[in-house]
Amino acid sequence: MPFSISIVSILACVCVVYAALKCGTLTVPKPLVFLSYWGGEITYSFYLCHIVVWDILQDIRQSYDLRISSELFAVSGISMAILFATLSYFFIELPFYRKKSDLEPTLK
């Protein structure tokens, strides 16, 4: 239970920081601009991938009767979801964005 409370706390903190960034009351330090931009770009892919990764990990854990701590399970699930979200963004999402921009008319 304490681990799940810390995950909820981290997510709540991220939401508050995001809201503060959108309102302009908080600015991102220059070294972290790329990281915040990258995180924002893969959020939709992460949203789509995390459920699939979580279900696959649950299935593996139950099929092989693995005794994995909830902390290790959560960290490995989040890490794999981030990895697959990044791959999905670059190889699936980005090509669609490029195709859409090719179809838009250009003004001369």
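Colleague: Buried means under 20% relative accessible area, exposed means over 50%, and partly exposed lies in between. Is Met80 buried, exposed or partly exposed?

Modeller: This is a predicted model, and in it Met80 has a relative accessible area of 31%. That value falls between the cut-offs of 20% and 50%, so Met80 is partly exposed.

Colleague: Thanks! Where is the place of Met80?

Modeller: Met80 sits in helix α4, which covers residues 70-103.

Colleague: And which residues is Met80 in contact with, leaving aside neighbours within four places in sequence?

Modeller: There are two partners, Val53 and Leu57. The C-alpha atoms of Met80 and Val53 are 7.0 Å apart, although 27 residues separate the pair along the chain.

Colleague: How far apart in space are Val52 and Gly77, C-alpha to C-alpha?

Modeller: Those two are 9.9 Å apart in space, with their positions 25 residues apart in sequence. Val52 is found in helix α3. At a relative accessible area of 46%, Val52 is under the 50% limit but not under 20%, so it counts as partly exposed.

Colleague: Let's zoom out. How many helices and strands does the chain have?

Modeller: You will find 4 helices and 0 strands. Reading from the N terminus, the order is α-α-α-α.

Colleague: What share of the chain do buried residues make up?

Modeller: It is 15% of the 108 residues. The accessible surface of the chain adds up to about 8,900 Å², and carbon and sulfur atoms own 72% of that.

Colleague: What about contacts: what percentage comes from residues 24 or more positions apart?

Modeller: Among contacts with a separation of 6 or more, 62% join residues that are 24 or more positions apart.

Colleague: Back to α4, then. Why is Thr86 called buried?

Modeller: The relative accessible area of Thr86 is 17%, which is under 20%, so Thr86 is buried. Thr86 belongs to helix α4. Not counting residues up to four places away in sequence, Thr86 touches Trp38 and Ile42.

Colleague: Is Phe84 buried, exposed or partly exposed?

Modeller: Phe84 is also in helix α4. Its relative accessible area is 37%, between 20% and 50%, so Phe84 is partly exposed.

Colleague: Which residues form the nonpolar patch on the surface?

Modeller: Phe84 is one of them, and Met80 from earlier is another. The other members are Leu83, Leu87, Phe90, Phe91, Ile92 and Phe96. Together the patch has about 820 Å² of accessible area.

Colleague: New topic: pockets. How do we even spot empty space in a model?

Modeller: A probe the size of a water molecule is rolled over the atoms, and this shows where empty space is left.

Colleague: Nice. What volume does the largest pocket have?

Modeller: Its volume is about 1,200 Å³. The lining has 29 residues, and Leu11, Val14, Gly39, Gly40 and Thr43 are the ones nearest the centre of the pocket.

Colleague: Which helix gives the largest share of that lining?

Modeller: That is α1, with 9 residues. Helices α1 (2-23), α2 (33-41), α3 (43-63) and α4 each give at least two residues to the lining.

Colleague: Last one! How many salt bridges does a search of the whole structure find?

Modeller: The search turns up 1 salt bridge. It joins the side chains of Arg67 and Asp65, at 3.6 Å from N to O.

Colleague: Is Arg67 buried or exposed?

Modeller: Arg67 is exposed, because its relative accessibility of 75% is over 50%.

Colleague: And where is Asp65 found?

Modeller: Asp65 lies in the loop between α3 and α4. Asp65 also has a positive phi of about 50 degrees, although it is not a glycine.

Conventions. Residues are numbered from 1 along each chain as its sequence is written. This is a predicted model: local features need pLDDT of at least 70, side-chain atom pairs count only at pLDDT 80 or more; totals for chains, interfaces and linings use all residues. Side-chain values use heavy atoms; hydrogens and water are left out. Buried means under 20% relative accessible area, exposed over 50%, partly exposed in between (1.4 Å probe, protein chains only). Contact means heavy atoms within 4.5 Å. Patches are made of residues with over 30% relative accessible area and no salt bridge: like charges are joined within 9 Å, nonpolar side chains (Val, Leu, Ile, Met, Phe, Trp, Tyr) within 5 Å. Accessible areas come from the Shrake-Rupley method with a 1.4 Å probe; for residues, only the protein chains shown count as cover. A salt bridge is a side-chain nitrogen of Lys or Arg within 4 Å of a carboxyl oxygen of Asp or Glu. On a 1 Å grid over the protein atoms alone, a cavity is a set of points where a 1.4 Å probe fits but cannot get out, and a pocket is an open set with protein on both sides within 12 Å along at least five of seven lines; lining residues have an atom within 4 Å of a point. Grid points are joined across faces, edges and corners, and a volume is the space filled by probe spheres set on the points.
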